[in-house]
Structure formats: structure tokens, C-alpha cells
Amino acid sequence: MTSGGPTTVSLVGSTGSIGTQTIEVIRTDPDRYRVVALGARASVEALAEQARELRPEVVAVADPAAAAELGGRLPAGTELRAGPEALAAIAAEAEVTVNAVVGFAGLPVTLAALRGGRRLALANKESLIAGGPVVRQARAEGGGEILPVDSEHCAVHQCLRSSRSGADEVARIVLTASGGPFRGRTLAELAEVTVADALAHPTWKMGPKITVDSSTLMNKGLEVIEAHELFDVDYGRIEVVIHPQSIVHSMVEFTDGATVAQLSMPDMRLPISYALAYPDRWPSPYGRIDWSRLSRLDFEAPDTSVFRCLALAYEAGRAGGSAPAWLNAANEVAVAAFLAGSLGWAGIGEVVEEALQVHDGAVLADVDAVLEADATARRAAAAAVERRARAA
Ligand SMILES: NC(=O)c1ccc[n+]([C@@H]2O[C@H](COP(=O)([O-])OP(=O)(O)OC[C@H]3O[C@@H](n4cnc5c(N)ncnc54)[C@H](OP(=O)(O)O)[C@@H]3O)[C@@H](O)[C@H]2O)c1
């Protein structure tokens with residue numbers, strides 16, 4: 001699916017927040033990129049509409065029942081494929097793969113793109129966190145490259161371009177966090193928060209899972225592990241600072257004492273454009289900073305006694321092996337339970353902590369070991385959720 005014309009793109013997770021914003025970016029210059037494959041889980045209506053507009057060669061749907069519904073609604077010349085393996089297959093069929101799937105389900109997409117030697121524009125941080133060692137191996141063996149879409153890691157990637165020797169000259173990576181909707185609250189004040197409260201993010205409009213992760217600071221914890229995996233910097237040199245305006249997207253302090261920061265409006269279309277166009281810069285029609293209106297930039301330390309998930313992520317990252325996979329899986333189970341109304345907000349961190357306490361310390365030698373760690377951790381977390389429901 002390569003061509004002498006526009007760069008070909010496989011967009012997996014096309015129906016979500018990152019997926020639809022990627023299409024918005026590509027729409028601004030259709031001569032530059034051509035979407036040849038779309039993939040999602042089950043959003044039939046949205047996929048049919050995207051296919052009518054973009055005329056891809058393939059549409060892949062993870063859920064076979066949804067695929068049956070989509071059949072007959074695709075334009076002539078667009079092939080329909082079904083099943084999770086179909087999503088992985090399209091990841092290796094274009095020059096650039098955007099992995100915008102949410103959660104652990106994105107792992108096969110990440111692996112297929114890297115094994116196929118593609119550019120992977122990676123929004124799906126969960127695959128990197130759960131499958132760190134196997135993702136590293138896939139990247140080394142397949143020769144693929146990862147361009148981070150997460151705005152913080154995109155910022156770090158840009159900051160590192162000002163250094164000749166990369167990680168060796170890095171004194172600290174400083175990841176910024178908006179602090180989410182509950183910044184400054186005490187645990188007592190957070191005891192009764194609702195799903196709607198957690199979904200009301202002050203600066204970013206995102207899918208529900210990452211929005212809840214932002215409210216617990218687990219998102220930042222996952223990003224700490226993501227930074228370690230992407231930039232090969234040890235945990236002692238990765239810090240988090242709360243920055244409520246979401247204008248400074250992250251910073252790198254170099255060994256000579258210079259700090260380089262990347263600033264832009266909080267708009268995911270900017271990091272998406274960067275990941276697609278790198279090493280070029282794509283002229284952006286999106287918002288510019290109005291310096292005359294930006295009166296202040298605030299920074300404060302995160303409170304890990306309230307936002308325990310951030311501390312748990314550091315612990316899991318430092319423990320290494322399968323601990324990050326356990327952290328990620330337990331968090332996915334806990335967040336799903338919270339969104340379904342069967343677990344309180346504070347229970348998310350408690351469930352993750354309980355799961356990590358019974359973590360078996362397995363080594364992630366291959367993909368099967370990652371799948372096994374994920375499944376075992378999910379069982380431990382589901383049991384912890386159930387215990388809470390029974391006790392309530
Ligand atoms: N949104 C943001 O601003 C943002 C910022 C930074 C990083 N990220 C990261 O980007 C990823 C996507 O986030 P999002 O906010 O865009 O999520 P989202 O809006 O919930 O969209 C998720 C996408 O993944 C697909 N999907 C869900 N389960 C799947 C499965 N089992 N197999 C295949 N596809 C599946 C969904 O398809 P259906 O619609 O068919 O269910 C949808 O296309 C996450 O890893 C998130 O952490 C997001």
C-alpha cells in the first residue's frame with residue numbers, strides 16, 4: 001500500500017477522539033496523506049461515514065458482529081475484514097500507522113507496525129506500558145520507529161532535538177500535568193465524586209478512559225513509564241509537575257543546566273501533525289498562543305497522598321518486568337468498573353494497589369507472557385472490585 005504520491009496511512013482506532021482528530025488533520029492537506037486503512041472496534045455508523053469520505057482500501061472491525069452489520073455499507077472497492085487480527089494486519093500495510101486504539105487492545109497494532117518496519121504514530125500508550133520489553137524487541141527487530149502522539153512525549157521528542165547525544169545529556173525530563181478536574185482537592189472532598197465530575201476535564205476533551213485516568217493522575221503515571229520506554233531515561237530522572245494551563249507540554253533539563261520546553265495550545269491536532277510529518281513541520285491552521293493574553297504559567301508539585309496512582313506507577317515502573325502490565329490491566333478493570341458505577345473514584349487506586357500487592361513478578365519474555373500477565377492482573381483486579389461491591 002505504498003505509493004509515489006501521498007504518504008499512506010493506516011488509522012486504527014479511527015472512530016475515537018484521537019482517530020477523528022487525525023482525520024481532521026489529514027483533511028487539511030489531502031495531497032500529503034492518503035488513508036488506505038481504517039480500523040475500530042464496533043462503531044459501525046462512524047466507520048461507514050469515514051469510509052464514504054476517505055475511500056480506504058480496507059476497513060477492519062474487531063467485533064465480528066459489527067463487521068456483519070457494516071457489510072454492504074462500505075463504498076465499492078473497500079474491502080471489509082473482521083476480528084482483532086484484522087486490525088493488527090492493517091497496521092503493517094501503510095507507510096505510517098496511527099495507533100489510536102484505547103487500552104491494552106492496542107498491543108497487537110503496535111507490534112505489527114514495528115515488526116513491519118513502519119512509522120508508528122503512537123497514541124496508545126497502554127501497549128508500550130504493558131508490553132515494554134516485547135515492544136522494544138519488535139522495534140529493534142523490525143526497524144520501525146515510534147513517534148509519540150501523547151502531547152507530553154511529543155514535547156520531549158521536540159526538546160531532545162536540541163541535544164546532539166540524546167539521553168546522555170539529559171539531566172531530567174519534566175512531564176507536565178494539568179492536574180485534572182480534582183486538582184487541589186483532599187481525599188475527604190473526593191469521597192463522593194461522580195463519573196460526570198471525573199469526566200469534566202478542565203483543558204482537554206478526550207475519550208472517557210483517559211479522562212478518568214487524568215482525574216486520578218494515573219494517566220501521568222502511565223506517561224512516566226511511557227517516557228522511560230521511549231527515551232531510555234531512568235525513573236530518577238523523570239519528574240512530574242502540575243501545570244494547570246496546559247501550555248507547557250513538557251520540558252527537558254540538560255546536563256549543562258539549560259531547560260528546553262515546548263509550548264503550544266492544548267490541541268491534540270498539533271502532536272498528531274508532528275508525528276505524521278516528522279522530521280518536517282506541517283504548517284498548522286490550529287490555534288496559536290496569544291502571548292498578550294497569557295498572563296501566567298503556574299507550576300506546583302503533585303500531591304501523591306491524594307493522587308496515589310501516580311506513586312503506584314513509579315513503583316511499578318521501577319519494579320519493571322510484568323509490574324507495569326499489572327498496573328495497566330488493574331487500572332483498566334478499575335476504570336471500567338468506575339464508569340459502570342460499580343466502584344467509587346477512590347476505589348480505582350485501591351484496586352490497583354491491591355492487585356500490585358499480589359503481582360507475581362513474572363518476566364515478560366514474549367507476547368504470550370504479556371497476555372498472561374494482563375489476564376492474571378485483570379482477574380486479581382476484578383476480584384478486588386467484587387470484594388468492595390460485596391462490602392458496600
Ligand atoms: N484523546 C486524547 O486527547 C488523547 C491524548 C493523549 C493520548 N491519548 C491516548 O490515545 C488512545 C485513544 O484515546 P481516545 O481518547 O481517542 O479513546 P476513545 O475516544 O475512547 O477511542 C478509542 C478508539 O479505540 C477503538 N477501540 C476500543 N476498543 C477496541 C478494541 N478492543 N479493539 C480495537 N479498537 C478498539 C474504538 O473503536 P469503537 O469506537 O468502535 O469502540 C475507538 O476508535 C488512548 O491510549 C489514550 O490514552 C488520547
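This short talk goes through a sheet, the helices around it, a helix pair, a pocket and a salt bridge in one predicted model.

Residues are numbered from 1 along each chain as its sequence is written, and side-chain values use heavy atoms, with hydrogens and water left out. Since we are looking at a predicted model, local features need pLDDT of at least 70 and side-chain atom pairs count only at pLDDT 80 or more, while totals for chains, interfaces and linings use all residues.

Let me begin with the sheet. Four strands (DSSP runs of E, at least two residues, numbered from the N terminus) form an open sheet in the order 9-8-10-11, with mixed pairing; two strands pair if DSSP finds at least two bridges between them. Strand 9 (238–242) and strand 11 stand at the edges with a single partner strand each, so one side of each is left without a neighbour in the sheet. Within the sheet, strand 8 (residues 170–177) and strand 10 (residues 248–254) pair in the antiparallel sense over 5 bridges, and Ile 173 has Val 252 in strand 10 as its bridge partner.

Now to the helices, which are DSSP runs of H or I of at least four residues. Helix 8 packs on the sheet, touching strand 8, strand 10 and strand 11, where contact means heavy atoms within 4.5 Å. Helix 12 (residues 218–231) lies across strand 8 and strand 9.

Elsewhere, Leu 312, Ala 313, Ala 316, Gly 317 and Ala 319 in helix 14 meet Ala 323, Pro 324 and Leu 327 in helix 15.

Helix 8 comes back when we turn to the second largest pocket, since helix 8 (151–160), strand 11 (259–263) and helix 13 (269–277) are the elements that give two or more residues to its lining. A pocket here, on a 1 Å grid over the protein atoms alone, is an open set of points where a 1.4 Å probe fits, with protein on both sides within 12 Å along at least five of seven lines, and lining residues have an atom within 4 Å of a point. Helix 13 gives the most to this lining, with 4 residues.

Finally, a search of the whole structure finds 28 salt bridges, each a side-chain nitrogen of Lys or Arg within 4 Å of a carboxyl oxygen of Asp or Glu. One of them joins Lys 125 and Asp 150, whose closest N and O atoms are 2.9 Å apart. Lys 125 lies in helix 6 (residues 125–130) and Asp 150 in the loop between strand 7 (145–148) and helix 8, so the pair ties together parts that are 25 residues apart in sequence.

Technical notes:
Axes are lines fitted to C-alpha atoms, for helices over the stretch in contact, and angles run from 0 to 180 degrees between N-to-C directions.
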